[in-house]
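Trainee: I'd like to learn how to read a fold from start to finish. Could you walk me through one?

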Amino acid sequence: MSDQGLHLLLVEDNEGDALLIREMFSDLHGTDCKLAHARTIGEAERTLVGDAPDAVLLDLSLPDGRGLGTLERIRRAAGIIPVIVLTGLGDDSTALRAVQEGAQDYLVKGEFDGRVLLRSVRYAIERNRAERIEQERRGLESALSAMDHLLGVLGHELRTPLTALRLMSEYMLSDQAIAVAQWDRFLGSINGEVLRMTDMVNNLLEAARLDSGVSQWRWGTVEAAKVCGEALSLLRPLLNDAPVELRSIVEPENLVFSGDPDAIRRLLVNLVSNGIKHTRKGSIEVALRSRGAQIVVTVTDTG
């Protein structure tokens, strides 16, 4: 952005001060500044809805607001647009607090000319841009760090079932393999490990969809008993003959509600599979109960 393309919003109720600032820009040769003028906070808010200036020049004393409350409302309406505060003489303390509250700069009326005003606007815009770039950089670093951690956790979690699958499949293919009649136990274990890895990957993909904001819900009718039964059928092989009773409760028995059946099923699979990981004996109970306008889901285990 160059001085030839400056677009500013002046929020000032004093017509004399507004005219003076307009003349300051007019007197600067080589500077083409489009200066919009709002006299109240409400007028400025309406202007900012349909317009995006490079910066806002803000008088803190307006008919519909005074002090830092004025800055707060304008910053909320301006979003990422930098704000430069204009204050009266002897109001330095308020101006400094305004900078601490997010204003990019402040100028004392009567103590600046056009060149000082232009320099303040330039610096405010560039500082604002630099701050946003730095925020984006930190956000990217944070996202990359979280992804590295996630990949590390996923790699660790998948290594164990993959090792078990390799050992069982290698043994079944070897010359020393046990009788075919006993393969059912190995196949059941293989199936359980595959289900566990599939659950990990599905959870990862679901988290990625939610973080990206592109996850779409397939809204429909959820038959609680059916969805619960399907989820537990998928999970029973993970018990691996452990002395654990897996049971469900649906109240009322014909409970039906609106929702995404697939998402509810994934929720139950995730909750119950966590219980299976930490329960060596005893029981795991999943319950769906109607409580007025809410459906309460609970999972209780002895692990």
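Mentor: Happily; we will go through the sheets, the helices that pack on them, two backbone details and then a pocket. Keep in mind that this is a predicted model.

Trainee: How many helices and strands are there in the chain?

Mentor: A tally of elements is a good place to begin. Here the chain has eight helices and twelve strands. Of its 303 residues, 35% are buried. Among contacts with a separation of 6 or more, 69% link residues 24 or more positions apart.

Trainee: What is the order of the five strands that form an open sheet?

Mentor: To read a sheet, walk across it from one edge to the other and note the sense of each pairing. In this one the order is β2-β1-β3-β6-β7, and the pairing is parallel. Its edges are β2 and β7 (105-108); each has a single partner strand, so one side of each lacks a neighbour in the sheet. Ignoring direction, neighbouring strands are turned by 20° against each other on average.

Trainee: Which residues can I use to check the register?

Mentor: Look for bridge partners. β1 pairs with strand β2 (residues 33-38) in the parallel sense over six bridges, and His7 has Lys34 in β2 as its bridge partner. Strand β3 (residues 55-59) and strand β6 (residues 83-87) also run parallel, joined by four bridges, with Val56 opposite Val83 in β6.

Trainee: Which helices lie against these strands?

Mentor: For each helix, ask which strands it touches and at what angle. Helix α2 (residues 41-50) packs on the sheet, where it touches β1, β2 and β3, and its direction makes about 155° with that of β1. Helix α3 (residues 68-78) lies across β3 and β6 and runs at about 160° to β3.

Trainee: How many residues of strand β1 (residues 6-11) are buried?

Mentor: For a strand, check the two faces separately. In β1, six of six residues are buried. Leu6, Leu8 and Leu10 point one way, while His7, Leu9 and Val11 point the other way, and all are buried.

Trainee: What is the pairing in the open sheet of three strands?

Mentor: Take each pair of neighbours in turn. The order is β9-β11-β12, with mixed pairing. β9 (244-251) and β12 (294-301) are at the edges with a single partner strand each, so one side of each has no neighbour in the sheet. From one strand to the next, the twist averages 10°. β9 and β11 run parallel and are joined by eight bridges, with Val244 opposite Gly282 in β11. Strand β11 (residues 282-291) and β12 pair in the antiparallel sense, also over eight bridges. On that side, Ile284 has Asp301 in β12 as its bridge partner, and Arg289 stands opposite Val296.

Trainee: Why is β11 largely enclosed by the rest of the structure?

Mentor: Count its buried residues: seven of the ten in β11 are buried, so the strand is largely enclosed. As for helices, α8 lies across β9, β11 and β12, running at about 155° to β11.

Trainee: Which backbone details deserve a second look?

Mentor: Most residues other than glycine have a negative phi, and most peptide bonds are trans. With that in mind, look at the hairpin of β11 and β12: two residues separate the strands, and Gly292 in the turn has a positive phi of about 65°. Then look at the peptide bond from Glu251 to Pro252, which is cis with omega near -5°. Pro252 is in the loop between β9 and β10 (256-259).

Trainee: Which residues lie nearest the centre of the largest pocket?

Mentor: With a pocket, consider its volume, its lining and where the lining comes from. This pocket holds about 310 Å³ of space. Its lining has 14 residues, and Glu193, Arg196, Leu238, Asn240 and Ile276 lie nearest the centre. Two or more lining residues come from each of α6 (183-212) and α8 (261-278), and α6 gives the largest share, four residues. By class, the lining has five nonpolar, five polar and four charged residues.

Trainee: Where does Asn240 lie?

Mentor: Asn240 is in the loop between α7 and β9. Its relative accessibility is 48%, so Asn240 counts as partly exposed. Asn240 and Ser189 are 51 residues apart along the chain, yet their C-alpha atoms are separated by 6.7 Å.

How values were computed:
Residues numbered from 1 in each chain as written. Predicted model: local features only at pLDDT ≥ 70, side-chain atom pairs only at ≥ 80, totals over all residues. Heavy atoms only, no water. 1 Å grid on protein atoms, 1.4 Å probe; cavity = no way out; pocket = protein on both sides within 12 Å on 5 of 7 lines; lining within 4 Å. Points joined across faces, edges and corners; volume = space filled by probe spheres on them. Nonpolar A, V, L, I, M, F, W, Y, C, P; charged D, E, K, R; others polar. Pairing = 2+ DSSP bridges. Axes fitted to C-alpha atoms, helices over the stretch in contact; angles between N-to-C directions. Contact = heavy atoms within 4.5 Å. Buried < 20%, exposed > 50% of the residue type's maximum accessible area, 1.4 Å probe, protein only.
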